[in-house]
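Here are my notes from going through the model, in no strict order. Have it open next to you while you read.

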Amino acid sequence: GLMFVASVMRRFVGSFGEVLRAMWTHKLRSFLTMFGIAWGVGSLLLLVGLGEGFRAGTARNLESFGEDFMHIYNGRVPAVGGSQLSSRQYYLNYQDYLDIRSSRFVRNATPVIYRGDLRLVSEYGSSNGYVDGAEPQFSGIRYQPIDQGRSLNWNDERERHNVCVIGSEFVRILFPGRPAVGSTILINSVPFEVVGTMQKVGHGNNNGENMRLIMPYTTMATYFPMQGAGNAKAIKYVAYQPITREQHAQAKKAVRSIVARNHGFDPETPDAFDDWDSIATAEMMGKISDAMDTFLGAVGLVTLGLGAIGVINIMLVSVTERTREIGLRKALGATRRNILFQFFLEGLMLTGISGAIGVCAAYVATKLFGLVPPIDGFELPHIYPATAVLATGSLALAGIIAGLYPARRAALLQPVEALRQE
């Protein structure tokens, strides 16, 4: 057994030397071939990396909203037929929330009063921003990681404490370089104590997410109810989570029928609801990413295929050029297997070496991407191991075909013909 291995190794090293010599004799030709393949592999890796980067970025953006986050806002029942002359606005209220919460398709929910017209003033600065009044379970629905201090609890809720949790951008504006937790801010002249701050959410500079203040629902309802006529008891929206991620469509349907029942209209009325389901959005984004991956992958594979055709071309030229050498070797007793093996190796090595160059180039390119400022909602292209395997696999296949076809041509030559042929 060992003898055989040794002879194969020796032959391999011998052929390796020959291949390098052949490549060196035809520098330009080898360079062009290798460039074609390296380009193919590199572009395949980068294109699929871009698609995957898009997927990762959108997933991260949706996660910064919250886990399985869904909500339903106040809506407008459109005029249907001749029964109503104009469309009619309806406002959600606390009872709607209680009914939604008790639905068997909903695992968690909270009422939210939300206003963007309140003025926040601290000793050091002032700002306008979004103020949410919500029950403590809001923190489990809408993503709000606590940085310092604590989150709101049922004690605050029951006793209507004037407490709030503020986002990182408010910390920067209202308490520059000073401790925020334990300080007081005035919200439309009503004093509130800051009991917690939130970590920065999202990345890049979309600061809307971080200009948030959350206070107990009861406190908000007391001091800052919704504006507008007949709105004293209204809430802005109900945020909820489906019983399981898979049942998000049923949850949405159940919530819609509860609201329709409470407000006296048919749940099938088109456009009567203003709601959002982050899970459906995530699934949609997933489908878009899949399509992008398929398309970009196909583009990369075509490029790779073109490279492979280049290799076949070059190897065929090299067979015709070396007919005499092949004839001589046959006359000296080289078998068809020997000649097949040598040409096969040459084709494989050409593709192998250039493939490696392509992978390295793609890797360097991703590192260079890392130097540019990040785009919002877009992860940088990574080299995914799975793609690298796909690229290398299709590459090996290209190499084998590129090696075998010319090698067969070479091996089938008749020694006498071959020698005479120059």
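Is asparagine 188 buried, partly exposed or exposed? With a relative accessibility of 34%, asparagine 188 falls in the partly exposed class. Keep in mind throughout that we are looking at a predicted model.

1. Let me stay with asparagine 188 for a moment. This residue sits in the loop that runs between β8 (184–187) and β9 (190–198). Its phi is near 45°, which is a positive value in a residue other than glycine. I'd have a look at the backbone there.

2. Serine 189 belongs to the loop between β8 and β9 as well. Here too phi is positive in a residue other than glycine, this time near 70°. Serine 189 counts as exposed, because its relative accessibility is 61% and the exposed class begins over 50%.

3. On to the surface. Phe4, Val5, Met9, Phe12, Val13, Phe16, Leu20, Ile353 and Ile357 make up a nonpolar patch there, and together they have about 810 Å² of accessible area. Which helices supply at least two residues each? They are α1 (2–25) and α11 (336–369). The largest share comes from α1, with seven residues.

4. Take Val5 as one member of that patch. It lies in helix α1, and its relative accessible area of 46% makes it partly exposed. As background, nonpolar side chains in soluble globular proteins tend to be buried together. That is the reason I list the patch as a point of its own.

5. Now the charged pairs. How many salt bridges does a search of the whole structure find? The count is ten. One of them joins the side chains of arginine 107 and aspartate 68, at 3.3 Å from N to O. Arginine 107 is in strand β4 (residues 106–121) and aspartate 68 in the loop between α2 (27–63) and β1 (70–73), so this pair ties together parts that lie 39 residues apart in sequence. The two ends fall in separate accessibility classes: arginine 107 is partly exposed at 34%, while aspartate 68 is buried at 7%.

6. Aspartate 68 has another salt bridge, with the side chain of arginine 245, at 2.6 Å from N to O. This one links distant parts of the chain, 177 residues apart: aspartate 68 in the α2–β1 loop and arginine 245 in the loop between β11 (237–242) and α8 (248–262). Arginine 245 is partly exposed, with 36% relative accessible area.

7. Aspartate 156 and arginine 150 form a salt bridge too, their closest N and O atoms being 2.9 Å apart. Aspartate 156 is buried, with just 2% relative accessibility, whereas arginine 150 is partly exposed at 33%. Back with the earlier pairs, salt bridges that share partners join Glu67, Asp68, Arg107 and Arg245 into one network. I'd show those four residues together in any figure.

8. What does the side chain of serine 43 reach? It reaches the backbone oxygen of glycine 40, at 3.0 Å. Serine 43 is in helix α2 and is buried, because its relative accessible area is 16% and the cut-off for buried is under 20%. Setting aside residues up to four places away in sequence, serine 43 touches Gly300 and Thr303.

9. Then the interior. The largest nonpolar core has 47 residues, and Ile100, Ile166, Ile185 and Leu213 are the ones with the most contacts inside it. Helix α8 gives the most to this core, namely six residues. For a closer look, try isoleucine 185: leaving out neighbours within four places in sequence, its contacts include Val121, Cys164, Ile166, Leu174, Phe175, Val190, Phe192, Val194 and Leu213. Ser122 and Pro191 are also among the contacts of isoleucine 185.

10. Last one. There is a second nonpolar core, separate from the largest, with 26 residues. Among its members are Met23, Ile37, Leu44 and Ala334. I'd colour the two cores separately when you draw them.

Definitions and conventions
Residues numbered from 1 in each chain as written. Predicted model: local features only at pLDDT ≥ 70, side-chain atom pairs only at ≥ 80, totals over all residues. Heavy atoms only, no water. Patch = residues over 30% accessible without salt bridge, like charges linked within 9 Å, V, L, I, M, F, W, Y side chains within 5 Å. Areas by Shrake-Rupley, 256 points an atom, 1.4 Å probe, with all protein chains shown as cover. Salt bridge = Lys/Arg side-chain N within 4 Å of Asp/Glu carboxyl O. Helix = DSSP H or I, 4+ residues; strand = E, 2+ residues; numbered from the N terminus. Buried < 20%, exposed > 50% of the residue type's maximum accessible area, 1.4 Å probe, protein only. Polar contact = N/O pair within 3.5 Å; in protein donor to acceptor, adjacent residues only side chain to side chain. Contact = heavy atoms within 4.5 Å. Core = buried A, V, L, I, M, F, W, Y, C linked by side-chain atoms within 4.5 Å.
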